[in-house]
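Reader: I would like to learn how to read the features of a fold, taking them one at a time. Could you take me through this one?

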Amino acid sequence: MFIVILGSILGLMHAYVWKRMVKDTTAPGRFRIYCSLALAALLILLIATLIVPRVFDVTASRWLAWPGYLWFGVVAYLFLTLLALEPVRLARRLWRKRQAPSEPEPESDPESEPKSPERRVFLSRVAAVAAGTATAGLVGTGLVNALGPPQTLRVPVRLPRLDPAFDGFRVAVVSDIHLGPLLGRAHTERIVRMINETEPDLVAVVGDLVDGTVAELGAAAEPLQDLVAREGAFFVTGNHEYFVEDTAEWLRELERLGLHLLRNENTRIQRGGAAFHLAGVNDLAGRSHADPPDLDRALRGLRSDDPTVLLAHQPVQVEEAADRGVALQISGHTHGGQMWPFHYAVELAQPALAGLSTVRDTQLYVSRGAGFWGPPLRVGAKPDISVLTLQSR
């Protein structure tokens, strides 16, 4: 059903792009037919890109995924830029209607008839070139951002009740790595290298690691075993961990690679006699897979005089965290919006897009993620690896 709905939306987008980029800019004939067939073929390519990985091996579908997902980004921005030009078209139409009474009737000026269609085609071509140029700039910038190295962000975070023994304690945060048909082992190796260069005390991998099975992507995830941190690397599930064929198989594989799973549970991080609690909660998508989030269970047995840091994939889970007095929640999921202006839709569903914010007495840090999903583009939301430096008050 999801593919049917998405396919219908993509079909309507392509029909609109065809109207503005092909029908309005070309005369009837072979050239228009060829352009129409090319656009139809790109639509078929895109739909196939969405379906093939669900039927065949993820890694085997890479040859299709790259052009398909890249076209996904191109057509999305063509659609938006052409749509942004509609008010200009409407203003021009209204202006011409106002001028109409002072102009001679078409019958009284036989030469004016052929000029009007030519002018419309010329203006449509100008609009198409403008939309194409803007799209090329956005897609080019987004491609460089998405495929380039993540930014390393260093963020100081003051925690109430944190013992001064933890001043300077570094938590390296990475989320939304999204290993799949477009991102593989080299992507993981770069992330691991960048994290290790920050010399963290603890690594938090906050969900959405994979978009495929262990058989398909196990080798791509293998470099995670090289993460180096004094207190270890911890993992909580994201929604995409529940979209794969066997979630439990992936969790066993991550444990084999040396990651500590926090599945609605907590652990105590100590320095001498001082400590803080690190808790992790399952993603909301686990509800439909008999593995739901349970924050009460995750926080069970904690001492109230030590602060709690919670790993939860989706920022929206901060409301429950604030109810229970969590000091800091670390999340991902949003990709920072990934592709402007689609971040406005993300803002409707989540309390924060990226960075550090406060919900009542709970601080919320949201990573933009180190990978991408769908089109290999990041416009206005560069990928990041964040290093949170804890400080006592």
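**Reading a helix, a sheet and a ring cluster**

Author: Let us begin where a helix ends: H8 is followed by Gly258, whose phi is positive, near 100 degrees. Helices here are DSSP runs of H or I with at least four residues, strands are runs of E with at least two, and both are numbered from the N terminus. The model is a predicted one, in which local features need pLDDT of at least 70 and side-chain atom pairs count only at pLDDT 80 or more, while totals for chains, interfaces and linings use all residues. Residues are numbered from 1 along each chain as its sequence is written, and side-chain values use heavy atoms, with hydrogens and water left out.

Reader: What is found at the start of H8?

Author: There, a side-chain oxygen of Asp246 reaches to within 3.2 Å of the backbone nitrogen of Ala248.

Reader: Which residues of helix H8 are buried, and which are exposed on the face turned away from them?

Author: Buried means under 20% relative accessible area, exposed over 50%, and partly exposed in between, with a 1.4 Å probe and protein chains only. In H8 (residues 247-256), the buried residues are Thr247, Trp250, Leu251, Glu253 and Leu254. They cover an arc of only 160 degrees around the axis, and so they lie on the same side of H8; the arc is that of the directions from the helix axis to the C-beta atoms. The face of H8 turned away from this buried side carries the exposed residues Arg252 and Arg256. The cover over the buried residues includes H7, S4 and S5, where contact means heavy atoms within 4.5 Å.

Reader: How should I read the sheet, and what is the order of its strands?

Author: Strands of a sheet pair through backbone hydrogen bonds, either parallel or antiparallel. Here two strands pair if DSSP finds at least two bridges between them. The open sheet has 6 strands in the order S1-S12-S2-S3-S4-S5, with mixed pairing. Strand S1 (151-159) and strand S5 (260-261) stand at the edges, each with a single partner strand, so one side of each is left without a neighbour in the sheet. S1 pairs with S12 (residues 384-392) in the parallel sense over 9 bridges, and Gln391 in S12 is the bridge partner of Arg158.

Reader: Is strand S3 enclosed, or open on a side, and what are its neighbours, given the residues that are buried?

Author: In S3 (residues 202-206), 5 of the 5 residues are buried, so the strand is largely enclosed by the rest of the structure. Leu202, Ala204 and Val206 are buried on one side, and Val203 and Val205 on the other. S3 pairs with S2 in the parallel sense over 4 bridges, and Val173 stands opposite Ala204 in S3. S3 and S4 (residues 233-236) likewise pair in the parallel sense over 4 bridges, with Phe235 in S4 as the bridge partner of Val205.

Reader: How many aromatic pairs are there?

Author: A pair of aromatic rings is described by the distance of the centres and the angle of the planes. Rings of Phe, Tyr and Trp (its six-membered ring) pair if their centres lie within 6.5 Å; planes under 30 degrees apart count as stacked, over 60 as edge-to-face and the rest as tilted. By this rule there are 5 aromatic pairs. Among them, Phe166 and Phe169 form an edge-to-face pair, 5.5 Å centre to centre with 70 degrees between the planes.

Key:
A polar contact is a pair of N or O atoms within 3.5 Å; within protein, one must be able to donate a hydrogen and the other to accept it, and residues adjacent in sequence count only if both atoms are side-chain atoms.
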